[in-house]
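I wanted a page of notes on charges, cysteines and a few odd backbone spots before going back to the bench. Here is what I pulled up, in the order I looked.

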Amino acid sequence: MELQEQIKAYQAWVNSQLKKKSQQITDFGKDLRDGKALITIVEIISGQCLEKLNPRNEEEKKQNVAKVIDFMKSSGIKLPHVTTEEIVGGNVKSMMQLILALAAHFKPASIDGKKGETPTRQGEKKVASLQLEEKHKEMERSFEKDLSEIESLAIELQKILLLDSEGNLLSGANIEEDLVITRAELNLALEEKLKQEKELTGIQQKYKELSTSNSALLSRLKQQDEDLMLLRQQLLHSNLARDKLKSEKAELSVELDDMKDEMERYQSKYYEKELKCQQLDNQLVLEKTEHIRAMTRKKEEIKELQKQMNCHSPDAVFHDLRIPQSPVLRRSPALSRGSPTLSRKSPVSRNNPPRRRKLSENAQTRILYFTDRDMTPAMATISKRVGDITLGEFKSAIKKQGNYRYIFKALDPELGTVKEEVFRDDDVIPGWEGKIVAWVEEELNV
C-alpha cells in the first residue's frame with residue numbers, strides 16, 4: 001500500500017469518528033495541526049471531555065496537541081516518539097502514528113469499515129507481502145544460479161563423454177554412432193557459442209555502460225574545465241582590479257600627503273598673519289593710548305590757559321606765553337536744547353580760508369550715509385579734504401529734499417567715538433579715519 005492510500009485510509013477513519021459531531025477534515029496533513037480535531041476524536045472515542053482552545057497562533061496550537069499527548073500518556077496508551085512540534089509542523093507520519101495508537105487502544109476495528117482489518121493488521125499484511133515478494137525474488141535468483149550451474153555441468157559432462165581415456169574424441173563403431181557423436185559435438189559447440197554470445201552480450205552491455213559513463217565523465221570534465229577557465233578569468237579580473245585599486249590608493253595617499261603639507265604651510269602662514277595682526281592691534285592700542293594721553297595733556301593745558309585768561313588779560317597772557325591766539329570751540333544750539341549729540345562751529349573762520357585750500361582742490365573725500373528707510377549705506381564723494389567740508393556742501397552732495405537731522409561719527413578726546421549733530425550750513429562737519437560717516441534722519445512734525 002502506498003503512502004497516499006494509507007493517508008486516505010487514516011483520513012476515512014478520522015472522518016468516520018468526526019461525523020458523530022458533524023465535522024469533517026479535507027486535508028489530513030493540515031487539518032490536524034491545530035489539535036482541535038484531535039481533541040474532538042479523543043472525546044468521541046474515550047467519552048471524556050478535554051478543554052480545547054481556538055488557536056490563533058502557534059503557541060495555542062501546541063497547547064491543544066500537548067493536551068492530547070498528555071491524555072494518551074496518562075491513559076497508558078503506548079505512543080512512539082511523537083512530539084508536539086512534529087504534529088504542529090505537519091509531519092504526516094507522526095500524525096499517522098498518533099491516530100494508529102488511539103485506534104488500537106479504543107477502537108480495534110478497521111479504518112475503512114471492514115472488521116478485523118485495523119491499521120496494525122494492514123501494516124502487518126504489507127510487511128508480510130513485502131517479505132514474500134523479497135523471498136520470491138531470492139528464489140528466482142537462486143533458481144537462475146542453479147540452472148546456470150546445471151548447464152555448465154551438462155556441458156562439462158558432454159565433453160567428458162565425447163573424450164576417451166587419452167583425451168581424444170570418440171569414434172563410433174558404425175555410421176549411426178558417428179552421427180550421434182557428431183550431433184553431440186555440434187550441440188556442444190552450439191552451447192559454447194551461446195555461452196560466448198551471452199558473455200559477448202554482457203561485455204557489450206558493460207562496454208556501452210562504460211562508454212556512457214565515460215561520455216558523462218568527459219562532459220563533466222569539459223564543464224569543469226570551462227568553469228575553471230571562467231574562475232581563472234574572474235581571478236585575473238579581480239587581480240587587475242586589486243592592482244588598480246592599489247595604484248589609486250597610492251596616488252590618493254600622495255595627494256593626501258601633499259594636501260597635508262599644503263595645509264601645514266597655510267596654517268603656518270595663518271599663524272604668522274594672526275601674530276602680525278595681534279602685533280598691529282597691540283601697536284594700535286598703544287598709539288591710541290598715547291594719542292588719548294596727548295589729547296588729555298593738551299586739554300589740561302587749554303584749561304590752564306583758560307584759568308589764566310580768567311584771572312588776567314588775554315593779551316597779557318598770550319604776550320607772556322608768546323603763542324598765537326587760537327579759536328575756541330563754541331557750544332551748538334543742540335546742547336542748549338538738551339540733545340545727547342554734540343555740535344561744533346568750524347575752528348577756522350570762513351573769512352580767513354585755510355592755507356591748505358589750494359592743496360585740497362584736487363582731493364576726493366568719500367561720504368557714507370545711512371537713512372531711516374535703508375539699512376545699507378549710500379556713498380557719495382566731495383572734492384575736498386576732511387576738515388574743509390561744511391554741512392551745506394554735504395547737503396548739496398547727497399541731494400536730500402525736506403527736513404532732516406544730520407549726525408556724524410566723530411572722535412571725542414574724553415569720550416572716544418561719539419555721534420555729533422551739526423545744525424548750521426557753514427559749520428565744518430567732522431570726519432572719521434579719512435572719510436565722513438553720517439546718519440540722515442527725517443524730522444517728524446509733531
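The entries below go from cysteines to salt bridges, surface patches, backbone angles and two C-alpha distances.

**Entry 1: what I am looking at**

I am working from a predicted model, so I keep that in mind for each entry below.

**Entry 2: cysteines**

How many disulfides does the structure hold? I got 0. I then looked up how two of the cysteines sit. C49 comes out exposed, at 70% relative accessible area. C277 is partly exposed, and its relative accessibility is 43%.

**Entry 3: salt bridges, the N-terminal pair**

The count of salt bridges is 10. I started with E43 and K21, which form one of them, and their closest N and O atoms are 3.4 Å apart. Which parts of the chain does this pair tie together? E43 belongs to helix α3 (residues 36-46), while K21 is in the loop between α1 (3-18) and α2 (28-31), so the bridge joins parts 22 residues apart in sequence.

I also checked whether the two ends are covered. E43 is buried because its relative accessible area, 13%, falls under the 20% cut-off. K21 has 42% and is partly exposed.

**Entry 4: salt bridges further along**

Next I looked at E393 and K384. Their side chains meet in a salt bridge at 2.3 Å, N to O. E393 is partly exposed, with 27% relative accessibility.

Then I went to R405 and E441. Their salt bridge has its closest N and O atoms 4.0 Å apart. R405 sits in strand β3 (residues 404-412) and E441 in strand β5 (residues 436-442), so this pair ties together parts that are 36 residues apart in sequence. Buried or exposed, or in between, for R405? I read R405 as partly exposed, at 28%. E441 is partly exposed too, its relative accessible area being 27%.

I noted one more thing about this pair. R405 and E441 belong to a network of salt bridges that also includes E421.

**Entry 5: charged patches on the surface**

Which residues gather in a patch of negative charge on the surface? I listed E248, E251, E255, D257, D258, D261, E262 and E264. I picked E251 for a closer look. This glutamate lies in helix α8, which spans residues 175-311. E251 counts as exposed because its relative accessibility of 52% is over the 50% cut-off.

I found a positive surface patch as well, formed by R265, K269, K273 and K276. R265 is found in helix α8, and that is also the helix where I had placed E251. R265 is partly exposed, at 47% relative accessibility.

**Entry 6: positive phi outside glycine**

I looked for residues other than glycine with a positive phi and wrote down two. S22 has a phi near 55 degrees. I placed S22 in the loop between α1 and α2, which is also the loop that holds K21 from the salt bridge with E43. S22 is exposed, with 74% relative accessibility.

K399 is the other one I wrote down, with phi near 55 degrees, again positive in a residue that is not glycine. Where is K399? I found it in the loop between α11 (391-398) and β3. K399 is exposed, and its relative accessible area is 68%.

**Entry 7: two C-alpha distances**

I finished with two pairs of residues separated along the chain. L18 and A37 are 19 residues apart in the chain, and their C-alpha atoms are separated by 7.8 Å. L18 has its place in helix α1. Is L18 buried or exposed? My note says buried, with a relative accessible area of 1%.

For the second pair I took E59 and D34. They are 25 residues apart along the chain, with 9.8 Å between their C-alpha atoms. E59 is in helix α4, residues 58-74. This glutamate is partly exposed, at 49%, which leaves E59 in the in-between class because exposed needs over 50%.

Definitions and conventions:
Residues numbered from 1 in each chain as written. Predicted model: local features only at pLDDT ≥ 70, side-chain atom pairs only at ≥ 80, totals over all residues. Heavy atoms only, no water. Disulfide = S-S within 2.5 Å. Buried < 20%, exposed > 50% of the residue type's maximum accessible area, 1.4 Å probe, protein only. Patch = residues over 30% accessible without salt bridge, like charges linked within 9 Å, V, L, I, M, F, W, Y side chains within 5 Å. Areas by Shrake-Rupley, 256 points an atom, 1.4 Å probe, with all protein chains shown as cover. Lys, Arg positive; Asp, Glu negative; His and termini not counted. Charge placed at Lys NZ, Arg CZ, Asp CG, Glu CD. Helix = DSSP H or I, 4+ residues; strand = E, 2+ residues; numbered from the N terminus.
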